[in-house]
Amino acid sequence: MAVPVIDVQDLRTYLVTRWGTVKAVDGVSFSVAEGETLGLVGESGSGKSMTCLSLIRLTPRPASRIVSGRIRLDGDELTSKSEAEMQKIRGRKIAMILQDPMSSLNPVYSVGMQVREPVSLYHGLRGKSLTARAAALLAAVRIPAPETRLRAFPFQMSGGMRQRVVGAMAIAAPPRLLIADEPTTSLDLTIQAQYLGLLEELQHQHRLAMIFITHNLGIVSKICDRVAVMYAGRIVEMGPVRQIFKTPAHPYTRALLDSIPRLGARRERLTAIDGQPPDLARLPGGCAFAPRCPKVMDRCRVEAPPAFPVAPGQTSACWLDAPA
Amino acid sequence: MPAEPVTPDALPLPDVQVSAAREARGRRLPYFSLGIVTLFVLVAILAPLLSPADPADQSLRNRFKPPVWMEGGTAKHLLGTDRLGRDMLSRIIWGSRVSLAAGVITVLIATAFGAAMGLVAGYYGGRVDVVLMRVTDATMSFPVILLALILAVTVGPSFTNVVVAIAVILWARFARVIRGQVLTLMGLDFIAQARIAGAGAWRIITRHLFPNTLNTLVVLLTLQIGYVIIVEASLSFLGAGIPPPTPAWGSMIAEGREFVTSAWWVSGLPGLAILLVVLAFNLLGDWLRDTLDPKLRQL
């Protein structure tokens, strides 16, 4: 395989709070290739967003710290970069789309001013060519009558429309890696499908590597190539989407898949996962999922399992999958 | 029974509900306060043209002439004369310059400094915020009048000292409010999105945070002008403000206070001028707040 666009090794991001040190990201490793989409799934607080914010070094300050790990963008180490250098990487190399379209545009500027800003910043365009490029970006995200829309203000647009504008701004560079942090959560179902289609299209066009954060497994199966399941700051299972949906290895992944309602399935009740996600400031020793795991063994409570290969391209961090 | 096809004409017209935003825009302008404020500004600017006499011209023979509508008043002195026979109308007209200049200059200085502090504190948060906010608290706990008196006693009363004394304390109010607003804005995604796009601190503060605080600033600025005019008048009244012979409304009240029973107009008319102007600024500020920024009720 060629050099991946983004390659993360053993990333650890800790939050220092008054309740103790929270290991928000605790030894995460993954990589995403050009044109590939990695789905990052897990419950709220499992470290999905923190992982991605760590990549562009925008985790909350001053509470959080990237303790260790290597982040390589096209082979270029990011962890040793200065803040000024990181500013040049943000937006230009790594772009991100956030969840809430209602607040992700500045209410006091017209859409045109906001789309022109990154374009002028990245490409140094001015005047008419700048406006033309901005209109082209809006057209690229399927906004009808882009020239007219440039004069609109965010409050005059719907959520789906605004999220498209955010998308247009994200691909202004275009970047190498696009991180989408639950971009469709607050959109209508039909708009969701449209938006996902649009993201896929943009990705193909620019050969973007994409990380898609979501807790919607349906979306994962639709647009991701590979999926990483996170629990308590760790990736518990990772592999090709089909394979994981068909033969999940980790008990947590299995439980997640079991908790999806299926049409036509003859089942009385949905299976829920017992218990609560762990308090990240007081993680038990050993596997973080052990207290809720139906197949817990003595070893799980003592020693955290590393990632074991279970199939080609699929790993699972569970002692059950340890080679005998 | 077959259903009658409903023609559009047969449908009753729904009551058109005017949206809140439209209602606010179409609301009646505050004619009273706008009028007084405009008049005040015009009078101050055009003082040399409008004043019928030199405000410093004394005439001991014409002392304590009452206003024209009272017995003994003359058309030569529409609002009467003071203890030294100076024309009250001219003095009030010239006095408006002091009030306007003090109000506007002080508030502008305080706004610039306070907004900058508020933006920085809110943007950086953490220790920067804690330090700046403690400085703000300390500043707000210091009485303006006392500071101005100290300045007047040590370096002598002057217009500059009045402006400095008030601005040095007033900025804290701006800093507080703006910081609060910035904190709210910082939680919104467009700030995060700007950072993700590679914007640095300067760009985020000037291009994203500051423009979003403008409404609040305008409201606050208008409300504070009235306050500054009152403080300036108080200082002039105490003799720590604008030194004579420059006519200032505060010092005019002070000069007439011994004669309130016999010649009420010497204190009363400048007092009325202060009342009207400050009231107008406050009402205008209230109106601006309700129109621009209804969430700002606590100001």
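In this predicted model, helices α4 and α9 of chain B make a right-handed crossing. The axes of α4(B), residues 88–124, and α9(B) come within 7 Å of each other, at an angle of roughly 145 degrees. Sorted by class, the residues of that α4(B)–α9(B) contact come out as 16 nonpolar, 6 polar and 1 charged. Below are a second helix pair in chain B, the contact between the chains, and the two sheets of chain A.

**Another helix pair in chain B**

- Helix α2(B), residues 31–45, and helix α11(B), residues 265–292, have axes that come within 8 Å and cross at roughly 130 degrees.
- That angle is why α2(B) counts as oblique to α11(B).
- The handedness of the α2(B)–α11(B) crossing is left-handed.
- From α2(B), the residues making the contact are Phe32(B), Ser33(B), Leu34(B), Ile36(B), Val37(B) and Phe40(B).
- On the α11(B) side you'll find Leu276(B), Val277(B), Ala280(B), Phe281(B), Leu283(B), Leu284(B) and Trp287(B).
- Taken by class, the α2(B)–α11(B) contact has 12 nonpolar residues, 1 polar residue and no charged ones.

**Where the chains meet**

- Chain A puts 21 residues into the contact, and chain B puts in 14 residues.
- On the chain B side, α8(B) (189–196) and α9(B) (201–238) each supply at least two residues.
- Helix α8(B) gives the most to that side, with 6 residues.
- The chain B side that touches chain A splits into 6 nonpolar, 6 polar and 2 charged residues.

**The 8-stranded sheet of chain A**

- This is an open sheet with mixed pairing, and its strands run in the order β6-β7-β8-β3-β9-β10-β12-β11.
- Its edge strands are β6(A) (94–97) and β11(A) (308–311), and each of them pairs on one side only.
- From one strand to the next, the twist averages 25 degrees.
- Helix α1(A), residues 48–55, packs on this sheet and touches β3(A) (37–41), β6(A), β7(A) (177–181), β8(A) (209–214) and β9(A) (226–231).
- The direction of α1(A) makes about 150 degrees with that of β8(A).
- At the β6(A) edge, β6(A) and β7(A) run parallel and are joined by 4 bridges.
- Within that pairing, Ile97(A) has Ala180(A) of β7(A) as its bridge partner.
- As a general point, side chains in a regular strand alternate between the two faces of the sheet.
- In β6(A), Ile94(A) and Met96(A) point one way, while Ala95(A) and Ile97(A) point the other way.
- Those four β6(A) residues, Ile94(A), Ala95(A), Met96(A) and Ile97(A), are all buried.
- At the other edge, β11(A) pairs with β12(A) (residues 314–316) in the antiparallel sense, over 3 bridges.
- There, Phe308(A) sits opposite Ser316(A) of β12(A).

**The 4-stranded sheet of chain A**

- This second open sheet has antiparallel pairing and the strand order β2-β1-β4-β5.
- Strands β2(A) (20–32) and β5(A) (76–77) stand at the edges with a single partner strand each, so one side of each has no neighbour in the sheet.
- Strand β1(A), residues 6–17, and strand β4(A), residues 64–73, pair antiparallel over 8 bridges.
- One of the matched residues is Val8(A), whose bridge partner in β4(A) is Ile71(A).

Definitions and conventions: Residues are numbered from 1 along each chain as its sequence is written. Chains are lettered from A and ligands numbered from 1 in the order in which they are written. This is a predicted model: local features need pLDDT of at least 70, side-chain atom pairs count only at pLDDT 80 or more; totals for chains, interfaces and linings use all residues. Two residues are in contact if their C-beta atoms, placed from the backbone, lie within 7 Å. Ala, Val, Leu, Ile, Met, Phe, Trp, Tyr, Cys and Pro count as nonpolar, Asp, Glu, Lys and Arg as charged, and the others, Gly among them, as polar. Two strands pair if DSSP finds at least two bridges between them. Axes are lines fitted to C-alpha atoms, for helices over the stretch in contact, and angles run from 0 to 180 degrees between N-to-C directions. A residue is buried if 20 or more other C-beta atoms lie within 10 Å of its own, exposed if 12 or fewer, and partly exposed in between; C-beta atoms are placed from the backbone. Angles under 35 degrees count as roughly parallel, over 145 as roughly antiparallel, 65 to 115 as roughly perpendicular and the rest as oblique. A crossing is left-handed if the near helix is turned anticlockwise from the far one by less than a right angle, and right-handed if clockwise.
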